[in-house]
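Morning, everyone. Please have the sequence and the model open in front of you. I'll go through the sheet, the ligand shell and two odd backbone angles.

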Amino acid sequence: MANPDSKPPGKLVEETGATVDTFHVAPVSHLWLGRLVEIDSNWNPRSWSVQLFERELSSSSSRVRGLFVQDLLVGYLIGHVVCDEAHIVSFGIAPEWREKGGGKFLLADFLRMAPLEGVVVISLDVRASNQRARNLYSRYGFSVAGVRRRYYSDNGEDALTMRVELPRPNGKRSEAE
Ligand SMILES: CC(C)(COP(=O)(O)OP(=O)(O)OC[C@H]1O[C@@H](n2cnc3c(N)ncnc32)[C@H](O)[C@@H]1OP(=O)(O)O)[C@@H](O)C(=O)NCCC(=O)NCCS
């Protein structure tokens with residue numbers, strides 16, 4: 001008989017209370033186009049169309065990774081991979097699933113997967129005011145590499161370009177070479 005005091009199965013994802021069994025990450029298929037648009041429209045003032053997501057799903061340089069809870073898509077991360085560099089072009093978690101460790105889980109997955117295809121540098125642009133996302137990126141080693149003045153057309157806000165260098169297979173970071 002199950003012990004009522006026992007913790008749920010799976011290892012705790014740091015202090016969030018979610019377990020590694022709560023989330024899993026998998027490539028996103030075209031079946032989820034509507035859900036991708038729904039999640040994106042919840043946060044993105046320049047929200048993406050179905051066609052734009054469709055293009056990402058069909059592009060050989062795009063990696064569209066989905067965060068799932070059981071069989072429900074609750075977040076996504078899209079990265080473009082060109083040679084040994086990746087650029088994260090969109091990343092969002094459904095509002096009801098935020099602050100439960102899912103963002104960390106999905107970003108960590110991308111950081112783990114990217115080196116497997118030879119990526120040594122990952123970059124992204126983030127709104128200067130998006131402290132939540134900036135905290136998350138900093139936590140995973142990203143630092144500010146530049147500022148794009150008035151980059152966002154909806155409110156003229158600056159973008160911060162953040163980047164992280166990943167260890168190469170020989171253990172060296174690319175900047176050391
Ligand atoms: C940014 C986003 C992806 C983070 O995902 P999340 O699942 O809410 O984040 P997590 O629960 O995994 O938390 C990860 C880290 O984010 C930061 N964070 C989360 N919520 C925060 C808050 N309310 N205030 C400040 N930092 C916060 C913290 O560093 C946190 O780590 P910690 O809890 O160990 O301190 C999510 O909030 C989101 O979808 N936001 C809208 C879309 C967006 O801004 N995308 C990024 C575009 S560049």
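One definition before we start: a residue counts as near a molecule if its C-beta atom, placed from the backbone, lies within 6 Å of it. Keep in mind that this is a predicted model.

So, the ligand. How many residues surround the ligand? The count is 19. Closest are Arg98, Gly103, Lys104, Asn135 and Leu136.

Now, where does that shell come from? Three elements supply at least two residues each: the strand β4, 85-93, and the helices α3, 102-113, and α4, 131-139. Which of them gives the largest share? That is α4, with six residues. By class, the shell is mixed: six nonpolar residues, seven polar and six charged.

Next, the sheet. There are seven strands, and the sheet is open. Read across, the order is β1-β2-β3-β4-β5-β7-β6. The pairing is mixed. At the edges sit β1, 24-27, and β6, 143-148, and each of these pairs on one side only. On average, neighbouring strands are turned by 30° against each other, direction ignored.

Let me remind you of the general point: strands of a sheet pair through backbone hydrogen bonds, either parallel or antiparallel. For β2 and β3, the sense is antiparallel, over eight bridges. One pair to find on screen: Val69 has Leu72, in β3, as its bridge partner. Then look at α3. This helix packs on the sheet and touches β1, β2, β3 and β4. The direction of α3 makes about 30° with that of β3. Recall that α3 also supplies at least two residues of the ligand shell.

Last topic, the backbone angles. Two residues stand out here.

Start with Gln70. Its phi is near 50°, a positive value, and the residue is not a glycine. Where is Gln70? In the loop between β2, 62-69, and β3, 72-82. Is Gln70 buried or exposed? With 12 or fewer C-beta atoms within 10 Å, a residue counts as exposed. Gln70 has 9 others in that range, so it is exposed.

Now Glu99. Again phi is positive, about 60°, and again this is no glycine. Glu99 lies in the loop between β4 and α3. Its count is 11 other C-beta atoms within 10 Å, so Glu99 is exposed too. On the sequence, find Arg98 as well, one of the residues closest to the ligand.

That's my part. Over to you.

How values were computed:
Residues are numbered from 1 along each chain as its sequence is written. This is a predicted model: local features need pLDDT of at least 70, side-chain atom pairs count only at pLDDT 80 or more; totals for chains, interfaces and linings use all residues. Helices (H or I, at least four residues) and strands (E, at least two) are DSSP runs, numbered from the N terminus. Ala, Val, Leu, Ile, Met, Phe, Trp, Tyr, Cys and Pro count as nonpolar, Asp, Glu, Lys and Arg as charged, and the others, Gly among them, as polar. A residue is buried if 20 or more other C-beta atoms lie within 10 Å of its own, exposed if 12 or fewer, and partly exposed in between; C-beta atoms are placed from the backbone. Two strands pair if DSSP finds at least two bridges between them. Axes are lines fitted to C-alpha atoms, for helices over the stretch in contact, and angles run from 0 to 180 degrees between N-to-C directions. Two residues are in contact if their C-beta atoms, placed from the backbone, lie within 7 Å.
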